[in-house]
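I opened this model to take notes on a few places in it. These are my entries, in the order I looked things up.

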Amino acid sequence: MLLLLSITTSWNVMAQKIINTQKTQETITIDGILDEECWKHAEIAKGFTQVRPIAGDSASQSTEVKVVYDDQAIYFAAICYDDVNTMSKILSQRDRYNANTDYFSIMLDTYNDQLNGFVFSVSTMGVQYDAKIYSSTYSSRLDMIWYSEVQHTEFGWVAEIKIPYSAIRFAKGDVQDWGINFTRYISVNREEASWNEIKPDLENIVTQSGKLKGLKDIEPPLRLFLLPYISGYAQHFPVNLEDQNNWGYNINGGMDIKYGINEAFTLDMTLIPDFGQVVTDNVVLNLSPFEVRFDENRQFFSEGVELFEKAGLFYSRRVGMSPMGRDNVRGQLQENEQIIDNPNSSRLYNASKISGRTKSGLGIGIFNGVSAAQFATVADTTNNATRKIETSPLTNYNVLVLDQNLKNNSSITFTNTNVLRDGHHYDANVSGLNSNFNTKDNKYFLSLNGALSQIFRSKIELGHNLSFGLGKQKGNFIYNANYSELSDTFDPNDLGFLFNNNQRTLSTTLGYNVYKPVWVLNRIWTDFTASYTKLYNPDVFNNFEVNGGIGITNKKFHSANLRFNAGSVSYDYFEPRTPGYFFIAPRWFNLNGWISSNYQKKFALDVSLGASKINNDDWREFSLGVSPRLRVSDKMFLVYRFDLDMKIKEQGYALPFFGIPNVQNAIIFGKRDVNTTTNVIEMTYTMNNKMGITFRLRHYWSTVAYFNFYELQTDGYLTESEETGLNPDNSSIYNTSYNAFSIDMVYRWVFAPASELNIVWKNNIFTSSNFEEIAYLQNLRQTLETSQLNSLSFRLVYFLDYQMLKKKK
């Protein structure tokens, strides 16, 4: 234990490479030609080492990097030697590299804390990628303002890069010593190489950077960026009601503001935001007792939020999204009323966040957002009179984070989330403390975490979450042990996300990874996990599970993985949806695996298979996934994904789904077949490094067919229901078919740095009906014949830099 808690002064056990830079008074033109005099005298960084596929070996191609700076920016010249006949010339849109993209990257650790970093990459075709790193987490939604140009030569390619100081953050000081590293990716060999050696057994690459020396007398500039926007929408949905127009039009305008409060802290603010162009969620038919978690696709909430999300208590989709009372509207309808409009999101007035880190390594994050009250509209079908039903009140969201860096990539973090609602609605507050300690070589770790939730109703409801873990995280052999405890009243979901509380879990994981080639294999990875779970209240057994697997990548870059999962007889207190009841679920065993061919080829294929046995009976659950990938040209790329999931004779909670009648004083389960088919088609066509089109079509079809119904008894077992309305002869009337069909097509033109025009077509269809035994194509045709929402929109954003405007003036 003393070893684990030793946080000594040494940062790295590996010797760090150093590159010295020098100041230039010369004007550097970013054109990729390197004809300025300063480049002739700059120190050269070279001697790259492979990270993969053969960790520790010299890179297959040489790379030379030079660094100079002036009062406004730091400049890089990268000479990338390569075989011009095999060098990738794949085009992609900004921040959307794929396995076939050759690129050169710069990583800057401007605070020299070995936790935070900025990444700037440019491909052989001049496509930019940038990201912010926190530990091993990448956020690529920043779209920082920097400049690069690429030239192809007879020996490979050259990149010339200018990074203005306004694009990064650093502390004031006469002398700046930054962490720095350079990486190069060569797709034909699936090779990643770095200037300062990176060991693949440690995820945090920032701890493995070299040193940049010689930066003197530079000042963090004033950072004030304005991004005004204007957007317009035309929408069509066949309401087909008197006095209701099938068409809707609106024009929106607003602005994002980025202001550097000082050299370390930045204020980000969005005023009257518009998120109407975000990609459609992957909606599913949810039969589980738990909420479905969706990805965050709104740029403001996915950009620079790594500090807010570190403790796992902030789920940004809570802000301005689905109104809390949206699903309760139907229960408030009066006789002869129907729902005319029930918005699935709340209007966000504004949102702002302040974030940064002091010289002492203290990260501070403050978030605030205000959403408007939201209402559903219902109408009386006899006289067309309408009225409003409130689905969400005026709401204020707040997050505070204090994150102190410690030596050896360690940290301690305090997080507070708070939700205040107008009127008689309840408020919520969650406070958490998270800590992570590493030994000086980052080989071993200890984590301690805790959180307290408070729900303010007529009386305060308190809940807690405690966890700790320790283990070995570096080397071929890794292991850890973890304990977590969530009380039955712990509820962070007003501004966080938790599938379920009321749980105690003890788990351990073992893993062994081989990073260097063995026989015909480039890499091997294995893992095994065992977990034992009890309820917090009452203190009773829940389940015991084990899972493990092995994966390989061969020297032709084909990969495969085989996994197993198994569970004991379990006592499920969540599926009945009723306090005090539990369902005894039988033991089960699952076997699954996948293969993935080399993505470097023009045609590649991913295939996955899975099957489950329930209680030693026949195999009753099956899954199949097939995904061919075709690179039509250097500009066009196609991906098709087909997924089939079949659950045969599954037993699960049946009320109040699909109109099944309530049975007084009874908890009804059903035996059912659940079949789900998902088809996704994705296409990208990139015209040049600033313009492209993306297309995504998704059709999700899920059917539920009941055979029989049962009543759950107090001992956890099922008995056949005696209700005549739920006997096998009538069970088919409760079968259902659910379809979700969506198209997202986007034209994007980045006509100036951080300035772009987006034109978007969206098509959405969501239907639910009684299930009939019909073929897939017939169901698809019926789906396309139902009412659908079509939307055509544009959004124009223009970037204004106060410093540039001041210079022009």
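**Entry 1: a run of paired strands.** I began with F603, whose bridge partner is L630 in β38. The model is predicted, so I read every value here as computed from it. β38 covers residues 619-631 and pairs with β37 in the antiparallel sense, over eleven bridges. The two form a hairpin with four residues between the strands. In that hairpin N615 takes a positive phi near 55°.

I then looked to the other partner of β37. Strand β36 (residues 588-596) pairs with β37 (residues 603-614) over nine bridges, again antiparallel. This is a hairpin as well, with six residues between β36 and β37. I noted one pair by name: S596 stands opposite D606.

**Entry 2: an open sheet.** Next I looked up a sheet of three strands. In which order do the strands of this open sheet lie? The order is β19-β22-β23, and the pairing is antiparallel. β19 (337-341) and β23 (386-392) are the edge strands, each pairing on one side only. On average, neighbouring strands here are turned by 35° against each other, direction ignored. Four bridges join β19 to β22, which spans residues 374-380. Among the partners, Q338 is matched with A379 in β22.

**Entry 3: empty space.** I searched for cavities. Rolling a probe the size of a water molecule over the atoms shows where empty space is left. How many cavities of 30 Å³ or more does the structure hold? It holds three. The largest has a volume of about 180 Å³. I counted 15 residues in its lining, and N116, K132, R169, G356 and R357 lie nearest its centre. Elements giving two or more residues to this lining are β8 (116-123), β9 (128-134), α3 (306-309) and β20 (348-357). The lining of the largest cavity divides into four nonpolar, seven polar and four charged residues.

**Entry 4: unusual backbone.** Most residues other than glycine have a negative phi, and most peptide bonds are trans. I looked up some exceptions. The peptide bond from R52 to P53 is cis, with omega near 10°. P53 sits in the loop between β4 (49-52) and β5 (63-69). Another cis bond joins N537 and P538, with omega about 0°. I found P538 in the loop between β31 (521-534) and β32 (541-554).

Two loop residues caught my eye for their phi. N408 has a positive phi near 65°, and lies between β24 (395-406) and β25 (410-421). Is N408 buried or exposed? It counts as buried, because its relative accessibility is 0% and the cut-off is under 20%. F557 also has a positive phi, near 65°. Its loop runs between β32 and β33 (559-567). F557 counts as buried too, at 13% relative accessibility.

**Entry 5: two residues and their contacts.** I looked up S742, which lies in strand β43. At 3% relative accessibility S742 is buried. Leaving out residues up to four places away in sequence, S742 touches T280, R696, L697, R698, N763 and N764.

P753 came last. I found it in the loop between β43 (736-752) and β44 (755-770). P753 counts as partly exposed, because its relative accessibility is 37%. Which residues does P753 touch, not counting those up to four places away in sequence? They are I145, Y147 and F799. I also noted W146: it is 607 residues from P753 in sequence, yet 7.8 Å away in space, C-alpha to C-alpha.

Conventions: Residues are numbered from 1 along each chain as its sequence is written. This is a predicted model: local features need pLDDT of at least 70, side-chain atom pairs count only at pLDDT 80 or more; totals for chains, interfaces and linings use all residues. Side-chain values use heavy atoms; hydrogens and water are left out. Two strands pair if DSSP finds at least two bridges between them. Axes are lines fitted to C-alpha atoms, for helices over the stretch in contact, and angles run from 0 to 180 degrees between N-to-C directions. On a 1 Å grid over the protein atoms alone, a cavity is a set of points where a 1.4 Å probe fits but cannot get out, and a pocket is an open set with protein on both sides within 12 Å along at least five of seven lines; lining residues have an atom within 4 Å of a point. Grid points are joined across faces, edges and corners, and a volume is the space filled by probe spheres set on the points. Ala, Val, Leu, Ile, Met, Phe, Trp, Tyr, Cys and Pro count as nonpolar, Asp, Glu, Lys and Arg as charged, and the others, Gly among them, as polar. Buried means under 20% relative accessible area, exposed over 50%, partly exposed in between (1.4 Å probe, protein chains only). Contact means heavy atoms within 4.5 Å.
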